[in-house]
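Here's a walk through the model, from its core out to the ligand. Keep the viewer open as you read.

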Amino acid sequence: MRPINPGKRLSEPDTLDGVEDQAVDGRPPNGPLPVPGPKTPIGYRGTPVRRFCVRILNYVTNYIVARLPSFTLRHLWYRRVLGIGLDRNAGVYMGAYVWFFGPGQIRRDGVWIGRNTRINRNCTLDVRSGLTIGDNVSISPEVMILAGSHNVNDNRFVQVPGPIAIEDHVWIGARATILPGVTLGRGSVIAAASVVTRDVPPLTVVAGVPARPVGTRDPGATEYTLDEPLPLFE
Ligand SMILES: CC(C)(COP(=O)(O)OP(=O)(O)OC[C@H]1O[C@@H](n2cnc3c(N)ncnc32)[C@H](O)[C@@H]1OP(=O)(O)O)[C@@H](O)C(=O)NCCC(=O)NCCS
């Protein structure tokens, strides 16, 4: 699988050396950017039987698998059944809600979660139009990442795509919301409970609703790796 990076990068991906080798694991190649997700309205496709199957898959993924107290089992499901590109050192904690239109849609639009990235408990990962999360990203509990919206002036209320890119070493505080189409630049920080409506430049701290810059981060402050062992029963 070769997932697509759905968003533009605000900074050069300086930790993507040798990515062609790692592409076998699903890591996005360091190729030309951006490669956008779908341009047309998004939504469920196919026959009623197929839709029913997707609803069953949704139930099993989000209400059964997400509650299994084992990173190994959950990750296996996310990779093999849903087709999410999940680095082997990444961790998706219990209670994640993965919002999708089917495994085919996920594979088409591309979803990648990078090395040492931690997605804490009870986060919503909307992958309805593509999502790329880099390395050593820390996503705090109950964060909501939304990659789809509605055209409020369309008389069919169509759903529109808004793929999201989160670059390396971003920290998203608890209960923040990231709105469709946003790119969070390398090393940026999103304060707790903020609502991010626009791209955030690298190393910028933003806060509030809507999120506005309130500070900057030292470039040297992003040299850590989040490689501690994944905790039991989380
Ligand atoms: C983003 C954060 C790290 C900023 O901390 P900081 O660098 O010490 O910044 P300050 O506290 O000096 O705040 C700077 C400004 O932003 C404002 N601000 C900070 N956090 C805010 C928030 N969540 N919402 C709105 N405004 C916020 C402050 O009021 C301050 O504004 P002022 O200058 O007008 O007084 C911190 O506020 C935060 O949100 N941490 C996340 C905690 C969390 O989610 N923990 C769970 C995972 S461990």
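## The core

Which residues have the most contacts inside the largest nonpolar core? They are Val127, Leu131, Ile164, Ile190 and Val196, in a core of 44 residues. Several elements chip in with two or more residues each: helix H3 (71-82), strand E4 (111-113), strand E7 (131-133), strand E12 (164-166), and also E13 and E16. As a general backdrop, nonpolar side chains in soluble globular proteins tend to be buried together.

Take Val127 as a way in. Setting aside neighbours within four places in sequence, Val127 is in contact with Val98, Trp99, Phe100, Ile106, Val111 and Ala147.

## How far to trust it

This is a predicted model, so a word on confidence is in order. The average pLDDT for the protein is 87, and 83% of the residues score at least 70. Over residues 31-36, though, the pLDDT is below 50, and that stretch has 11 contacts in the model beyond near neighbours in sequence. Residues 1-26 also stay under 50, and the model has 72 contacts for them beyond four places in sequence.

## The overall build

The protein has four helices and 19 strands. Of its 234 residues, 40% count as buried. Looking at contacts with a separation of 6 or more, 51% come from residues 24 or more positions apart.

## The five-strand sheet

One open sheet has five strands in the order E3-E6-E9-E14-E17, with parallel pairing. Its edges are strand E3 (97-99) and strand E17 (195-196), each of which pairs on one side only.

At the E3 end, three bridges join E3 to strand E6 (residues 124-126), and the two run parallel. Look for Trp99 there: its bridge partner in E6 is Asp126.

## The seven-strand sheet

Another open sheet has seven strands, ordered E2-E5-E8-E13-E16-E18-E19, and here the pairing is mixed. Strand E2 (91-92) and E19 are the edge strands, each pairing on one side only.

You can step across part of this sheet strand by strand. Strand E13 (residues 171-172) pairs with strand E16 (residues 189-190) in the parallel sense over two bridges, and Trp171 stands opposite Val189 in E16. Two bridges then join E16 to E18, again in parallel, with Val205 in E18 as the bridge partner of Val189. From E18 to E19 the sense is antiparallel, over four bridges, and Val205 stands opposite Gly215 in E19. E18 and E19 form a hairpin with four residues between them, and Gly208 in the turn has a positive phi of about 100°.

## Two faces of E18, and Thr204

E18 has a covered face, made up of Thr204 and Val206, and an uncovered one, made up of Val205 and Ala207.

Is Thr204 buried or exposed? Thr204 counts as buried because it has 21 C-beta neighbours inside 10 Å, and the cut-off for buried is 20 or more. Beyond four places in sequence, Thr204 is in contact with Gly185, Ser188, Pro213 and Thr216. Thr204 and Asp218 are 14 residues apart in sequence, with their C-alpha atoms 9.3 Å apart in space.

## Around the ligand

How many residues surround the ligand? There are 13, and the closest are Gly173, Ala174, Ala191, Ala207 and Val214. By class, the shell has eight nonpolar, five polar and no charged residues. The hairpin strands turn up again here: strand E18 (204-207) and strand E19 (212-216) each supply at least two residues of the shell.

## The loop at Pro141

Pro141 lies in the loop between strand E8 (138-139) and strand E9 (144-145). Pro141 counts as partly exposed because it has 15 C-beta neighbours inside 10 Å.

Which residues does Pro141 touch once its neighbours within four places in sequence are left aside? Pro141 is in contact with Asn120, Arg121, Asn122 and Ala174; Ala174 is also one of the closest residues to the ligand. Pro141 and Ile172 are 31 residues apart in sequence, but 9.1 Å apart in space, C-alpha to C-alpha.

Key. Residues numbered from 1 in each chain as written. Predicted model: local features only at pLDDT ≥ 70, side-chain atom pairs only at ≥ 80, totals over all residues. Near = placed C-beta within 6 Å. Nonpolar A, V, L, I, M, F, W, Y, C, P; charged D, E, K, R; others polar. Buried ≥ 20, exposed ≤ 12 C-beta atoms within 10 Å, placed from the backbone. Contact = placed C-beta atoms within 7 Å. Pairing = 2+ DSSP bridges. pLDDT = per-residue confidence, 0-100. Core = buried A, V, L, I, M, F, W, Y, C linked by C-beta atoms within 7 Å.
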